[in-house]
Amino acid sequence: MKKIAIVSRKGGVGKSTLTMNLAVVAGPSTIIDTDPQASCADWGDRRADDPPLVHTVPAGRVKVSLKRCQTDWLFVDTQPSAEASLIEIAQIADLCVVVLRPGQLELDALGATLAAIRAAQAQAVFCINQAHPQANLTELIDGLAAYYPVGPLIRSRADFPASVAEGRAVTEWNPDGKAAAEIKNYWLWLQEYLH
């Protein structure tokens, strides 16, 4: 089982939505939701019996919970602002996906996330999420690439909130849409990076 932690010490960057969508496109997978907001768990409830499985687990119990996960992929949706638990989860993960929106407040908070990943001696990549569809982010991508590889952009698309409201991923909601294509593209890039 490959373990991917979706991380950021900043809230509101789209960690939960990215987690849900990657877990669906990955195939047999489990989500561990450590965020007290439990967005992934709420989404999982709307899915009824459709995979992926979603477990709500306190951040300090992720390692113990791994024994229950019998799927090919495990995605951990982390809570913002909890450094100790982020370090512990990063140490367990095969890869940390650092999620950020292209804004100054997100960049201001990035140092704390990177410090936790360094403390965990974890492997990481970036996901620039919720980017404006016409934004030119070349300078941002080049700056981030000095730290860790940067995956394909995921733009702000109406299909993301619409699909979440129905308990779906964008690849199920509108399989031929731009949001679905971007999620599939990011997932393919992530798989190549892991192999």
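How much area does the protein expose, and what share of it do carbon and sulfur atoms supply? In this predicted model, the exposed area comes to about 8,900 Å², of which carbon and sulfur atoms supply 49%.

The overall dimensions place that surface in context. The C-alpha atoms fill a box of roughly 45 × 40 × 30 Å along the principal axes. The radius of gyration is 15 Å, which agrees with the value near 16 Å that a compact globule of 195 residues would have. Of these 195 residues, 52% count as buried. The secondary structure consists of nine helices and six strands. Contacts also reach far along the chain: among those between residues at least 6 apart in sequence, 72% join residues at least 24 apart.

Helix α4, residues 83-92, gives a local view of the packing. Its buried residues are S85, L86, I87, I89, A90 and I92. They pack against three strands and two helices by name: β1 (2-7), β4 (73-77) and β5 (95-100), together with α3 (62-65) and α5 (104-120).

The largest pocket holds about 190 Å³ of space. Two elements, α1 (15-26) and α7 (159-165), each give two or more residues to its lining. Among the lining residues are T17, L18 and N21, as well as F160, P161 and V164. The lining also includes G14, N129, Q130, S156, R157 and I183. By class, five of the lining residues are nonpolar, six are polar and one is charged.

The backbone deserves a separate look. Most residues other than glycine have a negative phi, and most peptide bonds are trans. Against that background, three sites in loops can be examined. P51 and P52 are joined by a cis peptide bond, with omega at about 5°. P52 lies in the loop between α2 (39-47) and β3 (53-56).

The other two sites concern phi. A38, in the loop between β2 (29-33) and α2, has a positive phi near 55° although the residue is not glycine. Q121, in the loop between α5 and β6 (124-128), likewise has a positive phi near 55°.

Is each of these two residues buried or exposed? A38 counts as buried because its relative accessibility, 14%, falls under the 20% limit. Q121 counts as exposed because its relative accessibility of 74% is over 50%.

Key
Residues are numbered from 1 along each chain as its sequence is written. This is a predicted model: local features need pLDDT of at least 70, side-chain atom pairs count only at pLDDT 80 or more; totals for chains, interfaces and linings use all residues. Side-chain values use heavy atoms; hydrogens and water are left out. On a 1 Å grid over the protein atoms alone, a cavity is a set of points where a 1.4 Å probe fits but cannot get out, and a pocket is an open set with protein on both sides within 12 Å along at least five of seven lines; lining residues have an atom within 4 Å of a point. Grid points are joined across faces, edges and corners, and a volume is the space filled by probe spheres set on the points. Helices (H or I, at least four residues) and strands (E, at least two) are DSSP runs, numbered from the N terminus. Ala, Val, Leu, Ile, Met, Phe, Trp, Tyr, Cys and Pro count as nonpolar, Asp, Glu, Lys and Arg as charged, and the others, Gly among them, as polar. The radius of gyration is taken over C-alpha atoms; the globule rule is 2.2 Å times the number of residues to the power 0.38. Buried means under 20% relative accessible area, exposed over 50%, partly exposed in between (1.4 Å probe, protein chains only). Contact means heavy atoms within 4.5 Å. Accessible areas come from the Shrake-Rupley method with a 1.4 Å probe; for residues, only the protein chains shown count as cover.
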